[in-house]
Amino acid sequence: MQNPQLTDDGELKHLLSIEGLPKRILNQILDTAESFVGVAEREVKKVPLLRGKTVCNLFFENSTRTRTTFEIAAKRLSADVITLNVSTSSQSKGETILDTIDNLTAMHADMFVVRHAQSGAAHMIAKHVAPHISVINAGDGSHAHPTQGLLDVFTIRKYKPDMHNLRVAIVGDVLHSRVARSEIHALTTLGVPEVRVIAPKTLLPQDVEKLGVHVYHDMNEGLKDVDVVMMLRLQNERMTSAMLPSAQEYFKTYGLTAEKLAEAKHDAIVMHPGPMNRGVEIDSAVADGTQSVILPQVTYGIAVRMAVMSILAGN
Ligand code: CP
């Protein structure tokens with residue numbers, strides 16, 4: 001079946017999930033992002049690649065990093081950018097999401113960046129829009145967060161360029177995490193040989209091994225000799241019942257402390273997609289420590305989002 005994210009010629013048309021995207025496209029995005037990193041160091045932080053285009057940021061769910069970095073990225077590409085505050089938009093008066101899209105299309109929008117609590121929202125919009133419009137999924141339910149997965153692998157590539165010789169551990173609430181799913185697909189597609197997930201049984205999806213990962217329930221075993229430790233946020237808003245004894249208990253067993261991090265390689269990097277819960281998923285000493293690349297992840301997110309938008313615009 002034709003991948004709805006690709007044109008008949010195999011080029012990127014929408015970015016909805018990493019699952020099913022070929023390695024060629026992932027590398028195209030990462031290599032293009034590399035060329036945008038330097039834009040931030042210029043006196044005038046702008047390139048004209050999206051001049052005359054209108055990008056609509058539609059965030060139906062809270063966000064700090066993704067919303068602002070998409071906005072900065074679009075502005076650095078010289079696009080006109082609208083960020084719709086959904087709580088004050090006509091959605092709150094009962095307008096459907098597709099009517100909102102049609103109205104913004106009537107204002108000549110060229111690209112929609114969509115975050116929604118419902119898995120599949122971005123796919124639905126991509127099926128609905130006119131052929132000249134592209135849709136980027138900025139996180140849908142517990143399904144996918146493709147630009148987060150891409151900025152994470154971009155950050156790893158920056159610090160650990162030999163992707164074919166890496167051991168990566170993803171720690172925490174894999175069950176509810178769209179970030180974990182996108183990261184796993186990105187890492188395995190790019191040929192990272194060993195991806196581990198470390199979590200209690202209650203926070204792992206059934207058959208998670210089918211995604212090509214190794215499962216650990218013990219932090220010290222799972223972190224042994226890894227090159228990259230990716231911590232996940234506890235997605236309390238998506239937990240339908242008590243899946244954990246308490247935040248303190250969770251921190252004791254699965255929170256990343258300097259002591260547990262010592263099991264990883266001495267030059268391992270520590271990542272977190274944010275928002276971080278200090279003292280629950282990660283100790284402040286580690287989050288702010290020398291091995292942490294949590295803030296560089298945010299910075300690289302701008303270059304990666306510029307790359308995605310510029311490729312979708314046909315540059
Ligand atoms: N990582 C991430 O999606 O953060 P925000 O929810 O702040 O966008």
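**Tour of the ligand site**

Select the ligand and the residues near it, meaning those with a heavy atom within 4 Å of it: Ser-63, Thr-64, Arg-65, Thr-66, Arg-115, His-145, Gln-148, Pro-273 and Gly-274. This is a predicted model, in which local features need pLDDT of at least 70 and side-chain atom pairs count only at pLDDT 80 or more, while totals for chains, interfaces and linings use all residues. Residues are numbered from 1 along each chain as its sequence is written, and side-chain values use heavy atoms, with hydrogens and water left out.

Colour the shell by class: 1 residue is nonpolar, 6 are polar and 2 are charged. Here Pro counts as nonpolar, Arg as charged, and Gly is among the polar residues.

Next, show polar contacts (pairs of N or O atoms within 3.5 Å).
- Ser-63: a side-chain N or O atom is 2.6 Å from an oxygen atom of the ligand.
- Gln-148: a polar side-chain atom is 3.0 Å from a ligand nitrogen atom.
- Gly-274: a polar backbone atom is 3.3 Å from a nitrogen atom of the ligand.

Of the 250 Å² of accessible area that the ligand has on its own (Shrake-Rupley, 1.4 Å probe), the protein covers 93%.

Now colour by domain, with bounds from an automatic or database assignment. The ligand lies between domain 1 (23–144 + 298–314) and domain 2 (146–295), because both give residues to its shell.

Finally, select Glu-61, in the loop between strand E1 (54–59) and helix H2 (65–76); these are DSSP runs of at least two residues for strands and at least four for helices. The Glu-61 side chain makes a polar contact of 2.9 Å with the side chain of Arg-178; within protein, one atom must be able to donate a hydrogen and the other to accept it, and residues adjacent in sequence count only if both atoms are side-chain atoms.
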